[in-house]
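Trainee: Could you pick one part of this model and take me through it closely? I'd like to see how it's put together, and then what sits elsewhere in the chain.

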Amino acid sequence: MRIVKEQGVEAKIAGVVEAAIEQAGYRLVRVRISGLNGMTVQIMAERPDGTMTVEDCEAVSRAISPVLDVADPVDRAYHLEVSSPGIDRPLVRKGDFEAWAGYLMKLETSRLLNERKRFRGKIVAVSDDGIRIERDQPAYGEPSSVEIPFDAIGEARLILTDELIAASLKADKAARKHGGEPGEDENDEMSGSH
C-alpha cells in the first residue's frame, strides 16, 4: 500500500489507473502531471520485484489507456508517458523505505517538523509509524537525526550517488538472473498521446 500519495487531479488519475496496473501484474509508484508537450501525464510503475523494462512500460500503457479513455479524468488533451521509477526513485511504500535504508535521500514534508519541511540524509530506522533519518548536512545546533512520521511525508526520493548506482546495477543483474527480461535502460519509458 502506498503511503506517499498524490493530491488533486494526480490523485484522481491514480484512483482511475491503480487497479488496472495491479491487474496487469505491476505496482503504481507515482502519477505526475507536467507542462511538457502542452500537458504530460507521467505514470511511474514497476514489477513487484522493482524491475521495469520497455516491454513492461508498453504493457502498463495498454492496460491503462482504455480505463483513462472511459474515466476521462483530465479535462484537456494530454500526452501519456509510462516509465520506470529510475535509479533516483521516489519512495512511496513502507517497503521502499526499508529496502533503501542506508542510502542518501531527500524528503519534503507536508507540515513543519523541527521548524523545517526539507530534509536530506540516510534512513537509519523504519517503524510502523515513520522513519528516522540521519541528516547529512544539519545546520549548526540542529539535531543530526530526525523522526519523520509517514503521514507527514509529502515527497521522498533517492539521491543519485555512486553507492546507489552500484546497488541498482547489482539489483538489476540479480533480477535478470531470476527470470526478468533485460532492462538495459533503468529509466525505460514509453509514450503516447491522448
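**The bent helix, and beyond**

Mentor: Let's begin with a bend: α2 has a kink of about 30° at I64, and the proline P66 comes shortly after that point. Keep in mind that we're looking at a predicted model. Helix α2 runs over residues 54-71, which makes 18 residues. From its first C-alpha to its last α2 reaches 26 Å, close to the 26 Å expected at 1.5 Å a residue. So which residues of α2 are buried? They are D56, C57, A59, V60, S61, I64, S65 and L68. Notice that I64, where the kink lies, is on that buried list. Just after α2 comes D72, with a positive phi of about 45°.

Now set α4 beside it. This helix covers residues 162-177, and its 16 residues should span 22 Å at 1.5 Å a residue; the end C-alpha atoms are 23 Å apart, which agrees. The buried residues here are L164, A167, S168, D172 and A175. They cover an arc of only 135° around the axis, which puts them on the same side of α4. As background, an α-helix has 3.6 residues a turn, so residues three or four places apart point the same way. Turn to the other side of α4 and you find D162, L169, K170, K173 and K177, which are exposed. What covers the buried residues of α4? Strand β8 is part of that cover.

One residue that leads us away from α4 is Y103. It sits in the loop between α3 and β4 (104-113). Is Y103 buried or exposed? Its relative accessible area is 18%, and the cut-off for buried is under 20%, so Y103 counts as buried. Leaving aside neighbours within four places in sequence, Y103 is in contact with G121, K122, I123, L158, E163, L164 and A167. Two of those names, L164 and A167, are also among the buried residues of α4. Y103 also lies 9.3 Å from L160, C-alpha to C-alpha, with their places 57 residues apart in sequence.

That brings us to the aromatic rings. How many aromatic pairs does a search of the whole structure find? It finds two. In one of them, the ring centres of F97 and F150 are 5.7 Å apart and the planes stand at 55°, so the pair is tilted. F97 is in helix α3 (residues 94-99), while F150 is in the loop between β7 (145-149) and β8 (153-158), so the pair ties together parts that are 53 residues apart in sequence. Both rings belong to buried residues: F97 has 0% relative accessibility, and F150 has 8%. The other pair is W100 with Y103, edge-to-face, at 5.5 Å centre to centre and 70° between the planes. W100 and Y103 are both buried.

There's a charge over a ring to look at as well. R116 lies over the face of F119, 5.8 Å from the ring centre. R116 and F119 turn up again around R135, a residue of strand β6 (residues 130-135). Not counting residues up to four places away in sequence, R135 touches R116, F119, R120, G121, E142, P143, S144 and V146. R135 is buried, with a relative accessible area of 10%. K122 is 13 residues from R135 in sequence, yet the two are 6.5 Å apart in space, C-alpha to C-alpha.

Next, have a look at the loop between β4 and β5 (116-126), where N114 sits. Phi of N114 is near 50°, a positive value in a residue other than glycine. E115 is in that loop too, and has a positive phi of about 65° although it is not a glycine. How do the two fare for accessibility? N114 is partly exposed at 47%, whereas E115 is exposed, with a relative accessible area of 73%.

Last stop: T40, in strand β2 (residues 40-46). T40 is buried, with a relative accessible area of 4%. Setting aside residues up to four places away in sequence, T40 touches R32, I33, S34, H79 and E81.

How values were computed
Residues numbered from 1 in each chain as written. Predicted model: local features only at pLDDT ≥ 70, side-chain atom pairs only at ≥ 80, totals over all residues. Heavy atoms only, no water. Phe/Tyr/Trp six-rings, centres within 6.5 Å; stacked < 30°, edge-to-face > 60°. Helix = DSSP H or I, 4+ residues; strand = E, 2+ residues; numbered from the N terminus. Buried < 20%, exposed > 50% of the residue type's maximum accessible area, 1.4 Å probe, protein only. Lys NZ or Arg CZ within 6 Å of the ring centre and 35° of its normal. Expected span 1.5 Å × (residues − 1). Bend = angle between axes of the 7 residues up to and from the residue. Arc of directions from axis to C-beta. Contact = heavy atoms within 4.5 Å.
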